[in-house]
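Colleague: I should like to work through this model with you, one question at a time. Please explain the reasoning behind each reply.

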Amino acid sequence: MPSANTRTFTLFDPQSPFRNAAGIFVLTTLFYFIGAQLRLVESLSMFWPLNGVMAGLFARYAYLNRLHYYAVSYIAMLLYDLITTNWGITSLGINLSNMMFIVIVALLVQRDKRLKNTTPDPVNALRLFNYCLLAALLCALVGAAVSGGVDSRDFWPLVADWFSEQFSTGVLIVPCMLTITWPRFNRAMRADHLMPVVVLIISVVASVAIGGAGALAFPMPALIWCAVRYSLPATCLLTFVTGAVEITLVGNAIITIVATTPITTPMMFSARLGIATMAICPVMVSVSMAAINSLIRQVSLRADYDYLTQVYSRSGLYEALKNSEGKRSSPRLTVMLLDIDYFKSINDNYGHECGDTVLAAFARKVQETVGNEGLVARMGGEEFAVVVNSASAERGYALAERIRTTVEQHPFDWRGQSLFLTVSIGLGSGKSEPSQLTDVFNRLMTEADDYLYRSKKAGRNRTSARMTEIKTAEQNATATEQL
């Protein structure tokens, strides 16, 4: 499903009822026209996209599930028939069957959303398959019952034809409508990324060239490859296009199921069901991949971030540094090790719940002070690391002092009491090679750890670094000369 930062279609707006009604009317008329143009002489229609499209729209946008919006769609169907056919009163029943499919699928999908069944997974895909099956069956029974005057065939063959038509188009279109987003093109896309699509096109061409009932399954391996390689919306779109093309080719005898016999209603029934059943497989694979990728992201997030403080964990810090190799422009890297002074006394005097609260507040304050200048990570216990790109060692030292004084002056609240902390800091600073960032970091961590020890030994609540030693030596030398 679309993420929060993914652009979606804006044809509808929950605050614009007239705009919604106009959009529904136009889309209903458009896809009714497309389906009518694909109508065969001896059957209802070769491919009927209207019901799947409208069911997907009503299912996707909960605010469209209103009786008056359904009525607009129904009226658009009746007006189209009134202008283009001579069915008369029969049109009321035929289009009622269309609305049954739309309403049943939309309401069942909306029910799933209310029950929080929104995560892409194979069960949800199979459930959608069943919804289309139920809606197509009821639609076929009603449609066949009321259309006897339109078609002279027997009732059950008409039910079979109607059912296969509604079911196949529903299975192909509804998943596409529920997941479709505006395409985003990657300029760095490699040629091999398009290979699944190329193989899919070749498989459809092979279906035409070879023919036979088995030819309908030729695109299956390519669609599975697409499901593994591409996103869920792209897979649903490719599956829909492939299925629609195959149904159209079979209906026009371009794909010959039986070479010696013209296409018949039972053959069309079988072809549609075969294509619909085939379509669910890549969709299920795609939602499985989406669920797996979502789980991997969650596991990665938990591994990369400390649960208590919401800053990087030790492993997450290394991963962030690894990802930034080759992308840095600053000539120097400064690594700070921060240790909260006498933190054990907080746990002893106020309890571990207070200690956890203080740790989380301390991490937020450090992150707020560092901002976008660097990375903050919890290395373990009350020890934190800050990594910054600094133009000079002096700037890194200045930031460390700003962190130290900010923490010293900030009251940390615990159940109405104000607790004040101090922090000891050790710095390591040196030239950084973009391609060897983690190696430089490890070396500077050792240096920072050594100077952290010196800060504690010197009385805590101070920042120690190589540059402070140099300045102290210079000051001592100057004082000696003056004496």
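Colleague: Is Cys236 buried or exposed?

Modeller: This is a predicted model. A residue counts as buried when its relative accessible area is under 20%. The relative accessible area of Cys236 is 2%, so Cys236 is buried.

Colleague: How many disulfides does a search of the whole structure find?

Modeller: Consider Cys236 as an example. The closest cysteine sulfur to that of Cys236 belongs to Cys176, at 6.5 Å, and this is too far for a bond because a disulfide requires sulfur atoms within 2.5 Å. For the whole structure, the number of disulfides found is zero.

Colleague: Which strands stand at the edges of the open sheet of five strands?

Modeller: The strand order is β2-β3-β1-β6-β7, with mixed pairing. A strand at the edge has a single partner strand, so one of its sides is left without a neighbour in the sheet; the strands in that position are β2 (374–380) and β7 (463–464).

Colleague: Which residue in β7 stands opposite Ile425?

Modeller: Strand β6 (residues 423–431) pairs with β7 in the parallel sense, over two bridges. Opposite Ile425 in β7 stands Thr463.

Colleague: What is the orientation of α11 and α15 to each other?

Modeller: The axes of helix α11 (residues 314–323) and helix α15 (residues 437–457) come within 9 Å and cross at roughly 135°. In the contact, residues of α11 including Leu317 and Leu321 meet residues of α15, among them Phe441. By class, this contact has five nonpolar, two polar and one charged residues. An angle between 115 and 145 degrees falls outside the other classes, and the two helices are therefore oblique.

Technical notes
Residues are numbered from 1 along each chain as its sequence is written. This is a predicted model: local features need pLDDT of at least 70, side-chain atom pairs count only at pLDDT 80 or more; totals for chains, interfaces and linings use all residues. Side-chain values use heavy atoms; hydrogens and water are left out. Axes are lines fitted to C-alpha atoms, for helices over the stretch in contact, and angles run from 0 to 180 degrees between N-to-C directions. Helices (H or I, at least four residues) and strands (E, at least two) are DSSP runs, numbered from the N terminus. Angles under 35 degrees count as roughly parallel, over 145 as roughly antiparallel, 65 to 115 as roughly perpendicular and the rest as oblique. Contact means heavy atoms within 4.5 Å. Ala, Val, Leu, Ile, Met, Phe, Trp, Tyr, Cys and Pro count as nonpolar, Asp, Glu, Lys and Arg as charged, and the others, Gly among them, as polar. Buried means under 20% relative accessible area, exposed over 50%, partly exposed in between (1.4 Å probe, protein chains only). Two strands pair if DSSP finds at least two bridges between them.
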